[in-house]
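The following exercises concern a predicted model. Please examine the sequence and the structure before reading each solution.

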Amino acid sequence: MATGYFITLEGGEGAGKTTQIKLLAEYLQAKGIEVVTTKEPGGTPIGLELRKMLCTGDKDKFDPVAEALLYYADRRIHVQQKILPALQEGKWVISDRFADSTMAYQYYGYNKRVSKEMLEQLYKMTVGDFYPDLTLILDIDPKVGLARSIKRNNEEKGQEIRFEGREIEFHNNLRNGFLEIAKTAPRYKVLNAGQTIEDLHKEIVKTVKERLINR
Ligand code: TMP
């Protein structure tokens, strides 16, 4: 059986990834494609424990190196236990964040306090020679995205505000980081996440058709 495709959605806080993943999964399922939606951190039971550690509590409780190691522990378990088995069964996997988030948050966000080479080595050691087929970067002005994300967290009485609590410079750095990352390989597509949910969904479908379905 042919293996499925691996799609990742990336972006800063409040870019609308969760909504767009749901819409894309519904679109693909209506075409008869089996889809697994997942996320990082927290795509597996152990990952959920790591997510709690990583996304709640004091914003300075880890240094960026320790933080990157924990994200990569989550990722390795995620790839081994969930992503690869689903792809091998011919399913498509859509993940809310993957390794580009570590480069954007822990390297660019923290203003390069972790070495890029260390992150690249970590990728090779823990994920190996495996990459997404398509990465959609939902680009949004951090002021708009953060306002959305804080509103949602308040409504849900959530505790996941470690990154929302960081200064605007961190969020501007990571936004620029994602735009830099997008230049490094053909698998990236940057989309304007400031437009309506429907318009963004249409752009995502167009991209998926061009890059994966009709290729
Ligand atoms: P989410 O709110 O989009 O689910 O993401 C969880 C948080 O984890 C978000 O603030 C971004 C952060 N994060 C990193 O800093 N590095 C990573 O490698 C990943 C996957 C997420």
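Two strands are said to pair if DSSP finds at least two bridges between them.

**Exercise 1.** Determine the order in which the strands form the sheet, and state which strands lie at its edges.

*Solution.* Step one: trace the pairing, which is parallel, through the 5 strands; the order of this open sheet is 2-3-1-4-5. Step two: look for strands that pair on one side only; these edge strands are strand 2 (35-39) and strand 5 (188-192). Step three: consider the twist, which averages 20 degrees from one strand to the next.

**Exercise 2.** Establish how many bridges join strand 1 to strand 4, and identify the bridge partner of threonine 8.

*Solution.* Step one: locate strand 1 at residues 6-11 and strand 4 at residues 134-139; these run parallel and are joined by 5 bridges. Step two: start from threonine 8, whose bridge partner in strand 4 is threonine 135.

**Exercise 3.** Name the strands that helix 3 touches.

*Solution.* Step one: find helix 3 at residues 64-88, where it packs on the sheet. Step two: list its contacts, namely strand 1, strand 2 and strand 3 (92-96). Step three: compare directions; that of helix 3 makes about 160 degrees with that of strand 2.

**Exercise 4.** Describe the surroundings of the ligand.

*Solution.* Step one: 14 residues surround the ligand, and the closest are Glu13, Arg51, Arg97, Thr102 and Gln106. Step two: examine polar side-chain atoms; one of glutamate 13 lies 2.7 Å from an oxygen atom of the ligand, and one of lysine 17 lies 3.0 Å from a ligand oxygen atom. Step three: for tyrosine 71, the distance from a side-chain N or O atom to an oxygen atom of the ligand is 3.1 Å. Step four: the ligand taken alone exposes 470 Å², of which the protein buries 92%.

Methods
Residues numbered from 1 in each chain as written. Predicted model: local features only at pLDDT ≥ 70, side-chain atom pairs only at ≥ 80, totals over all residues. Heavy atoms only, no water. Helix = DSSP H or I, 4+ residues; strand = E, 2+ residues; numbered from the N terminus. Axes fitted to C-alpha atoms, helices over the stretch in contact; angles between N-to-C directions. Contact = heavy atoms within 4.5 Å. Near = heavy atom within 4 Å. Polar contact = N/O pair within 3.5 Å; in protein donor to acceptor, adjacent residues only side chain to side chain. Areas by Shrake-Rupley, 256 points an atom, 1.4 Å probe, with all protein chains shown as cover.
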